[in-house]
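Hello,

Here is the structure I promised to send over. My notes on the strands and the core follow below it.

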Amino acid sequence: QADLAVSSADQVSAASIGVAALPTAGNGTYVALLARSGGGRAYRALVTIKPGGTATLTVTRIDGSAGALTAIGSAVTLPGKVTANSLLRLELTTTGSADVAITARAWPAGTTPPAAQITQTDRSAGRITTKGTFAIWAYSSSSSGPSTVLVDDLSVRPPAAATPTTT
């Protein structure tokens, strides 16, 4: 995991991610963006790239350790297949504190972004209301063997301001 020195609560984090070669066995390669990261807690948008190129997107809340995860919404199977050396654009947005709005999406880099594929609100007592750092994380399943993960175009920015309504 690489934590970057950007600390905020409301943020849109994004990166282009991929693998140099598809996993050939096992559970695959995992690449994630983390928001509000600190003290072992964070919101995480995770892309899992499986053998054969199937990819899924999930959002979880990390509650103190890698073994303490709370699912935020359901997993989404991304359309199409990932290929070696191709990039997906992964984006995670977090806003709010009383209600933490979380959206995530992933799509082939260089194409038109889709609507958010996961949109949830965390109102639980465990929600993360404070600011934290932005991080990127990668892991290759031991049953898949080592993997070269590609990362490009990292960005963190404040969410777009709402357009004022005129009357």
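S37 has T133 as its bridge partner in β11. That bridge belongs to the pairing of β3 with β11, which is antiparallel and counts 7 bridges. Please keep in mind that this is a predicted model.

On β4, the partner is found for L34: it bridges to R44. β3 and β4 also run antiparallel, joined by 8 bridges. The two strands make a hairpin, with 2 residues between them. G39 sits in the turn and has a positive phi of about 60 degrees.

How much of β3 is buried? The count is 9 of its 10 residues, so the rest of the structure largely encloses this strand.

Now the cores. The largest nonpolar one has 27 residues. I17, A45, V47, L57, V59, L90 and I102 have the most contacts inside it. At least two residues each come from β2 (11-19), β3 (29-38), β4 (41-49), β5 (55-63), β8 (88-95), β9 (100-108) and β11 (132-140). There is also a second, separate core of 7 residues. Y30, L34, A42 and A135 are among them. L34 is thus worth finding on screen: it belongs to this second core, and it is the residue that bridges to R44.

What does L90 touch, leaving aside neighbours within four places in sequence? Its contacts are S13, A14, A15, I17, V31, A32, L33, A45, V47, L57, R105 and A106. Of these, I17, A45, V47 and L57 are also listed with L90 among the residues with the most contacts inside the largest core.

Best wishes

How values were computed. Residues numbered from 1 in each chain as written. Predicted model: local features only at pLDDT ≥ 70, side-chain atom pairs only at ≥ 80, totals over all residues. Heavy atoms only, no water. Core = buried A, V, L, I, M, F, W, Y, C linked by side-chain atoms within 4.5 Å. Buried < 20%, exposed > 50% of the residue type's maximum accessible area, 1.4 Å probe, protein only. Helix = DSSP H or I, 4+ residues; strand = E, 2+ residues; numbered from the N terminus. Contact = heavy atoms within 4.5 Å. Pairing = 2+ DSSP bridges.
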